[in-house]
Amino acid sequence: NIFFSPDEPVLQGTFLLADDGGVYRVRNVYSVAEGFKIAQTDQLDGSAMQSVVIDTGTYDEITDLTSAGTVAANVVVMDPSQFYRNRLPNEFAQRGDRVVFMPSTVTPAVGQSFTMAGKEWRIVTVEPESDGTACLVRLK
């Protein structure tokens, strides 16, 4: 739990970056009688902040090829079990999948591929969030 004054803006679903470099995702926010807010959070792994190169070309499902075009973005990665806690699970999620939060400057699409940490990933599902887009992703 992380404590905030009543005037500090903190919303469910947002990310917090601590002074020590820790990354947290806000699960719930409560106001308490003592006059402050409590944010229930999940602390993400040290490798949660990643850089990706997204293929922005057109994907052809028949040939499994993507035409040329890329864009770089900074993303936040988390385990699906943390993301789907307190919400309906994604029936498409499989072992080894990750949830990647794309910034609002990127428009991800199902089937789109990207490179993260030297590996190729494909977007399985896309879910709009308050601070970007949550994508369930799988190794190619």
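Over how many bridges do strand 2 and strand 3 pair, and in which sense? The views below are of a predicted model, and the first one takes up this pair.

**View 1. Strand 2 against strand 3.** The two strands pair over 3 bridges. Their sense is antiparallel. Strand 3 covers residues 23-31. Within the pair, Leu17 stands opposite Val23 of strand 3.

**View 2. The open sheet.** Four strands make up this sheet, in the order 1-4-3-2. Pairing is antiparallel. At the edges lie strand 1 (2-4) and strand 2 (15-17). Each edge strand pairs on one side only. From one strand to the next, the twist averages 40 degrees.

**View 3. The barrel.** Here 6 strands close up in the order 5-8-9-12-11-10. The pairing is again given as antiparallel. The twist averages 45 degrees from one strand to the next.

**View 4. Strand 8 against strand 9.** Strand 8 spans residues 70-78, and strand 9 spans residues 98-102. The two run antiparallel and are joined by 3 bridges. Met78 has Val99 in strand 9 as its bridge partner.

**View 5. The largest pocket.** Its volume is about 250 Å³. The lining counts 15 residues. Closest to the pocket centre are Asp45, Ser47, Gln50, Val77 and Arg98.

**View 6. What lines the largest pocket.** Strand 8 supplies at least two residues of the lining, and so does strand 11 (119-129). By class, the lining divides into 7 nonpolar, 4 polar and 4 charged residues.

How values were computed. Residues are numbered from 1 along each chain as its sequence is written. This is a predicted model: local features need pLDDT of at least 70, side-chain atom pairs count only at pLDDT 80 or more; totals for chains, interfaces and linings use all residues. Side-chain values use heavy atoms; hydrogens and water are left out. Two strands pair if DSSP finds at least two bridges between them. Axes are lines fitted to C-alpha atoms, for helices over the stretch in contact, and angles run from 0 to 180 degrees between N-to-C directions. On a 1 Å grid over the protein atoms alone, a cavity is a set of points where a 1.4 Å probe fits but cannot get out, and a pocket is an open set with protein on both sides within 12 Å along at least five of seven lines; lining residues have an atom within 4 Å of a point. Grid points are joined across faces, edges and corners, and a volume is the space filled by probe spheres set on the points. Ala, Val, Leu, Ile, Met, Phe, Trp, Tyr, Cys and Pro count as nonpolar, Asp, Glu, Lys and Arg as charged, and the others, Gly among them, as polar.
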